[in-house]
Amino acid sequence: MNRRVMIVDDNEYVRASVDIICESAQLELASASGGPECLEQLEAGFRGVILMDIMMPDMDGWDTIREIVDRGLYPGNVIVMLTGMGEPDSKMEGLQEYVSDYMTKPFSPDELLDSVEYYLTLLNAPADHE
Amino acid sequence: MKFLNAARDKISIPLLISALMVAVVMIVGNHLMLDQIHEEAVRQANRQQENSMMAFWEQMNRRGRNFHIEGGRMILGDYYVLNDANELPDKIFCITGSRATIFMGDTRIATNVLKEDGTRAIGTRLTGPAYDAIFKDGIRYRGEANILGAPYFTAYDPIRDLNGKVIGALFVGVKQSEYLARYDRINVKIGAVNGVLAAIFVLCVVILGLNRKRSENAIKRQLNFQQQLMDTIPSPIFSKDEQGRYNLCNKAFQSYVGLSSEQLLGHSVFDLWEPELARKYHEMDQKIIDAPGIQVYESQVGYADGSVRDVIFHKAAVRDDNGVARGLVGVILDITERKAVEQESRRLEAQKHHSRMIESLMVQLNHDLNTPLTPLFALMPLIRAKVSDPGVERMLEICQQCVNQIQGLAGKALDLVRISSSPPRLIPVSLCAAAESALGEMAPALAQRGVICCNAIPPELQVRGSAEQLTLLFKNLLSNAARYAAQNGKVIISAERKGAEVEVSVQDDGIGLDQEQLTRVFDEFYKADAARHDLNTQGLGLAICRRIVANHEGRLWATSPGAGSGTTMFFTLKQAGQQEPAGGPVQIQEESHQI
């Protein structure tokens, strides 16, 4: 059963908090400080729920998603965007279909876990049918 | 007089004077010429008398050489009696056309000079200067003389006897009236020719004058049309002659300078404006005259009404066939409004840019605030779950509240900036749906205090607005109501059509507001007493509401019967479609939401 979660955020403390929450829920957490690291881990075989921050330096969330899709790394993953209010959405054109949900920062542990558990269930569901 | 007036009216004065001068010159010329002819005629008459006299003497000499008086008769030669020898004067008359007389002493003894009764003037006497010349001075006489009351061109020669004594005289002459009849005929002919010439000349002058008048009228009509056309053009137009004097302008130019055409035309800038300004204008005009083509430049001018206008001058020199400047023409284009629009557009663009900058700054700030808040938000519940000490639990709760407040403040500040940055596009939206959407989002907050909310807005009611901002408006009003409504109280949202407007109210049954609070409640960061200590509020909710209502060109106000009696928030919006305003409250369909 896939219980893997990846947090992609340039803020170290956000990554650490998500790590603590996931650990408490027995989730396997991968941590990426930006788009390139996220892509590296996907290339290395990561599949699961990706919690992607939008505003990151150099390569933002939308650029990363485009790269994931272009490299054919999207299948087997669920992407949940971590967003603040009013953040620019001009780049989401054509990429929305790859985003399953949006979660507004800051979020509570329950909000995070509810969302992650839900999408993990979805991810695992087809495998159950196989 | 009438004729003169008519002539003066139809033919110009210079032309009339020219015609009169030509007439005078012709008369004087005529007179001089006739004088010459007259003088010549007189000379010829005198010459003729000389010849006649010679012929007379020849006739005499044929009959004898000597004269003497014998027995009261004058004898020529030996026997030829001259008394009544009228054949001799008649012969002279036949030969020369001159009358002739033989005097014995001073008495006519043979003559063809006739008396008034038509008989020969035999026996009449010689008088006057001829008599004196012949009988007193003994010399001949040539010239004009009066014979029996009629003027003659005459010649008198004395007849002397053998002793040289003057015993008589010969006379030849021609009546002036007869001789000058030819001259008079010529005079009449010349006069007639001159008269015809004068008549032709006058006719030509009249025709020329009439033609000129016609041309003048045509030019006048053309100038009138031109003036009318120029007066209809709203831009000031003018022209100046080579001395820099205004010679044409339209009404717009007159209003621009505040002077009438009478005051302007024929005057230069030096007559009309201050020396310094006039010199500046003159120098500019000189530049235009020296430069080829049309000169276009922008400037700022003060109109006579005191307004300062932005204008574009279009000026060009007027040149003759040789390219010499004979003046200039100019048009002033008022671009004040265009400038104002451009300036306003630039101002709006700058404002927009500024707003975008603020908004983007706020977004960044919001993000940068939310990022560190995320670990706090995420970790605090985990810490609280692991703490059993009530004191530490209380401290953590306070920390949690503070984090909540920071998060709320960041969100509200961003809301405020976003709704203030640019006016929304107002389209028909369902008011009920906007309220419903807000109710959905605020349900947990309302439920926390057991508040029931009733949305009584008719579902078909549409207003001109932004759905997003109206939802935010309701959210903020409901957030307040949720906070200040009585525990397990009730909030009613209703709407009423009032003319072209819709008046919306959100009524709670909570703590109410006093008079001071009612006036200050919409200020940024203002919190009514009860809320000042509420760490979950930012004092921005109603300020956001005020901005949103202003964006919708509406009004926002609050009423409260007093502390403890609840508060009603009112705001107005424009109805969509502007249908016939229905008086009185609309039929509302109550719909309650149990939260």
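Helix H3 of chain B is followed by B:Gly97, a residue with a positive phi near 90°. The model is predicted, and in it the helix just before this glycine, spanning residues 87-96, lies across strands E4, E5 and E8 of chain B. Its direction is at about 155° to E4(B), the strand made of residues 99-104. Three residues of H3(B) are buried, namely B:Leu88, B:Pro89 and B:Ile92. They sit on the same side of H3(B), because the arc they cover around the axis is only 100°. The partners of this buried side are helix H2 (13-63) together with E4, E5 and E8 of chain B. On the face turned away from the buried side, H3(B) carries B:Glu87 and B:Cys94, both exposed.

The strands beneath this helix invite a closer look. In chain B, 5 strands form an open sheet with antiparallel pairing, and their order is E5-E4-E8-E7-E6. E5 (107-111) and E6 (141-147) of chain B stand at the edges with a single partner strand each, so one side of each has no neighbour in the sheet. From one strand to the next, the twist averages 35°. Within this sheet, strand E7 (residues 150-160) and strand E8 (residues 166-175) of chain B run antiparallel and are joined by 9 bridges. One such pairing can be picked out by residue: B:Tyr152 has B:Lys175 of E8(B) as its bridge partner. A second helix of chain B also contacts these strands. Helix H4, residues 128-137 of chain B, lies across E6, E7 and E8 of that chain, at about 135° to E6(B). Strand E8 of chain B is thus crossed by H3(B) and also by H4(B).

Chain B contains another open sheet, built from 3 antiparallel strands in the order E1-E2-E3. Here the edge positions belong to E1 (67-70) and E3 (80-81) of chain B, each of which pairs on one side only. E1(B) and strand E2 (residues 73-76) of chain B run antiparallel, with 4 bridges between them. Among these two strands' residues, B:Phe67 has B:Leu76 in E2(B) as its bridge partner.

Taken as a whole, chain B has 16 helices and 21 strands. Of its 595 residues, 28% count as buried. Among contacts in chain B with a separation of 6 or more, 60% are between residues 24 or more positions apart. The average pLDDT of chain B is 83, and 92% of its residues score at least 70. One stretch deserves a cautionary note: over residues 579-595 of chain B, pLDDT stays under 50, and for this stretch the model has 33 contacts beyond four places in sequence.

Chain A has 4 helices and 5 strands, which run β-α-β-α-β-α-β-β-α from the N terminus on. Buried residues amount to 37% of the 130 residues in this chain. Of the contacts in chain A with a separation of 6 or more, 66% come from residues 24 or more positions apart.

Helix H2 of chain A gives a residue-by-residue view of how this chain packs. Within this helix (residues 35-43), A:Gly35, A:Cys38 and A:Leu42 are buried. These residues lie on the same side of H2(A), because they cover an arc of only 60° around the axis. The cover over them includes strand E1 (4-8), strand E2 (28-32) and helix H3 (61-70) of chain A. A:Glu40 and A:Glu43, on the other side of H2(A), are exposed. After H2(A) comes A:Gly45, with a positive phi near 115°.

The two chains also meet. Their contact takes 19 residues from chain A and 19 residues from chain B. On the chain A side, helix H1 (12-24) and helix H4 (109-129) each supply at least two of the residues that touch chain B. H1(A) gives the largest share of that side, with 7 residues. By residue type, the side of chain A that touches chain B divides into 11 nonpolar, 6 polar and 2 charged residues. For the model, the scores are an ipTM of 0.78 and a pTM of 0.49.

Terms used
Residues numbered from 1 in each chain as written. Chains lettered and ligands numbered in written order. Predicted model: local features only at pLDDT ≥ 70, side-chain atom pairs only at ≥ 80, totals over all residues. Pairing = 2+ DSSP bridges. Axes fitted to C-alpha atoms, helices over the stretch in contact; angles between N-to-C directions. Contact = placed C-beta atoms within 7 Å. Nonpolar A, V, L, I, M, F, W, Y, C, P; charged D, E, K, R; others polar. Buried ≥ 20, exposed ≤ 12 C-beta atoms within 10 Å, placed from the backbone. pLDDT = per-residue confidence, 0-100. Arc of directions from axis to C-beta.
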